[in-house]
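Here's a quick briefing on pockets and helix packing. Take a look at the structure first, then read on.

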Amino acid sequence: MIKGFSKLNKQEKRNWVYNKYLSNNLQELEIFSKYDLSDEKLQLLHDDFIENTIGNYLLPFAIAPNFSIDGHYYTVPMVLEESSVVAAVSKAAKFWSERGGFKCEVQSMEKVGHIHLFYEGDKQILFNFFNQIEPILYKETEPLTENMRKRGGGISSIILKDMTDNLEHHYQVFVTFLTGDAMGANFINSCLEQMTQIIEREALIHLSEGSLEVLMSILSNYTPQCLVRAEVSAPLSEMTYNDIEGNIFARDFVRAIAVADADVYRAVTHNKGVMNGVDAVVIATGNDFRAVEAACHAYACRGGKYKSLTQAYIKEDRFHFKIELPLAIGTVGGLTKLHPMVKIALKILENPTAEILMKIIACVGLAQNFAAVSSLITHGIQKGHMKMHLVNILNQLGATIQEKEQVIAHFIDKTVSHREVVQFLNQLRSS
Ligand code: MEV
């Protein structure tokens with residue numbers, strides 16, 4: 001147990017970690033400083049993003065080109081650590097750009113926040129009280145919502161919901177917001193906390209019967225009203241993939257989605273493949289991937305059973321493939337103005353609105369899933385994956401540039417396995 005850790009300066013924090021966990025290993029001691037940025041101002045900016053910062057943690061920033069989305073070509077920045085994801089999605093993007101590209105639609109962009117309250121008393125009295133104070137909730141949050149309203153956003157509705165069927169005495173003030181190009185978490189939470197104060201104040205004055213207590217107020221990361229759809233389609237005759245004929249490929253593809261719908265074990269892996277793409281763009285653009293993950297998985301079980309986030313079917317000799325995702329993301333506010341790499345990522349995407357970024361992310365999720373399932377139903381995933389992973393294995397084994405070239409050339413037409421790479425490298429080194 002250490003007291004006052006947060007009050008130590010960065011070097012003192014590092015020293016504490018060194019002494020407690022890393023003191024026997026000089027190489028490990030140096031890692032932190034190797035990852036320090038030479039630009040002090042930039043380093044300070046990164047240090048200040050979170051608390052107790054003692055170093056930087058780098059992830060690769062990659063590019064997936066050739067995304068034709070609603071007739072416009074996008075080059076998509078992706079940040080992630082898993083090999084073969086970017087190669088796979090780029091291949092899928094190219095495949096679909098040659099077949100008419102992705103078509104998208106944003107159904108709505110509403111976000112939601114709740115004030116959870118407990119009331120013991122006559123329901124009608126609570127609802128009458130709420131009707132009485134509803135205009136005050138709008139009026140007194142006007143200073144907070146002014147800027148958002150200028151940008152076409154603000155509070156769209158405030159409703160009192162009776163939740164007592166599921167939890168005794170529980171009611172919810174269900175507030176919907178439009179937050180323009182911002183993700184809007186701070187805006188929503190500030191409005192909710194302001195409303196909470198108003199409710200508590202007015203209850204003291206006007207609610208003479210029953211007892212009302214506000215438990216908490218917070219936005220919901222479940223955003224089914226902030227929904228984007230993306231789809232691709234092509235004639236079966238154009239669906240030949242990895243030498244498998246179009247009609248067979250499409251039939252097996254549809255079956256693979258049906259398997260994910262039928263079996264939760266497969267559905268989770270299937271959707272993990274979708275999120276490989278989604279998260280990588282969400283992170284590159286400075287958005288909250290935990291929020292997006294939580295929302296997407298909740299959406300995947302909206303019908304009471306966890307299912308595929310994508311759908312595929314064949315109709316009139318055409319293959320159709322679709323995705324629908326609840327994506328509460330932003331292109332202003334938060335990290336977007338702060339993190340230099342996020343600014344660059346947004347610039348590469350031509351500074352999109354939140355609506356366009358929702359579309360781009362949905363297309364990447366769809367393409368990523370297409371790439372994974374296409375591999376699985378044809379030559380399997382390991383062929384591509386291990387080829388990309390070969391470089392990681394070689395780096396782990398400390399291979400020189402020359403050794404890498406020789407090993408890669410050797411495995412060009414062979415299946416890669418960790419054991420065989422080690423064996424071949426040892427042979428090379430001993431010869
Ligand atoms: C690996 O990161 C993702 C896949 O497992 C997805 C899938 O199985 O559909 C390949």
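**Pockets and helix pairs**

Helix H4 (85-97), H9, helix H12 (354-377) and helix H13 (382-396) each give at least two residues to the lining of the second largest pocket. Helices here are DSSP runs (H or I, at least four residues), numbered from the N terminus. This is a predicted model, where local features need pLDDT of at least 70 and side-chain atom pairs count only at pLDDT 80 or more, while totals for chains, interfaces and linings use all residues. Residues are numbered from 1 along each chain as its sequence is written, and side-chain values use heavy atoms, with hydrogens and water left out.

**Second largest pocket**

- H12 brings the largest share of this lining, with seven residues.
- The second largest pocket has a volume of about 600 Å³ (the space filled by probe spheres set on the grid points, which are joined across faces, edges and corners).
- Its lining has 29 residues, and Ser-84, Ala-88, Ala-372, Ser-375 and Ile-381 lie nearest the centre.
- A pocket here is an open set of points on a 1 Å grid over the protein atoms alone, where a 1.4 Å probe fits, with protein on both sides within 12 Å along at least five of seven lines; lining residues have an atom within 4 Å of a point.
- Sorted by class, the lining of the second largest pocket comes to 10 nonpolar, 13 polar and six charged residues (Ala, Val, Leu, Ile, Met, Phe, Trp, Tyr, Cys and Pro count as nonpolar, Asp, Glu, Lys and Arg as charged, and the others, Gly among them, as polar).

**Largest pocket**

- The largest pocket holds about 1,800 Å³ of space.
- It is lined by 43 residues, with Phe-49, Gly-286, Leu-335, His-339 and Val-342 the closest to its centre.
- Helices that each supply at least two lining residues include H2 (26-34), H3 (40-47) and H11 (340-348); H6, H7, H9 and H10 do so too.
- The lining of the largest pocket splits into 26 nonpolar, 14 polar and three charged residues.

**H9 with H10**

- H9 (residues 264-284) and H10 (residues 289-300) pack at about 150 degrees, their axes 10 Å apart (axes are lines fitted to C-alpha atoms, for helices over the stretch in contact, and angles run from 0 to 180 degrees between N-to-C directions).
- That angle makes H9 roughly antiparallel to H10 (over 145 degrees, whereas 65 to 115 counts as roughly perpendicular).
- The H9 and H10 crossing is right-handed (the near helix is turned clockwise from the far one by less than a right angle; anticlockwise is left-handed).
- Among the residues in contact (heavy atoms within 4.5 Å) are Met-275, Val-278 and Val-282 of H9 and Phe-289, Val-292 and Cys-296 of H10.
- By class, this contact has eight nonpolar, two polar and two charged residues.

**H8 with H12**

- The axes of H8 (residues 246-262) and H12 come within 10 Å and cross at roughly 110 degrees.
- H8 is therefore roughly perpendicular to H12, and the crossing is right-handed.
- Phe-249, Asp-252, Phe-253, Ala-256 and Ile-257 of H8 meet Asn-369, Phe-370, Val-373, Ser-374 and Ile-377 of H12.
- That contact has seven nonpolar, two polar and one charged residues.

**H6 with H7**

- H6 and H7 pack at about 150 degrees with axes 10 Å apart, so H6 is roughly antiparallel to H7.
- H6 passes H7 in a left-handed crossing.
- Leu-144, Thr-145 and Met-148 of H6 touch Phe-187, Ser-190, Cys-191 and Gln-194 of H7.
- This contact counts four nonpolar, three polar and no charged residues.

Definitions and conventions: Angles under 35 degrees count as roughly parallel, over 145 as roughly antiparallel, 65 to 115 as roughly perpendicular and the rest as oblique.
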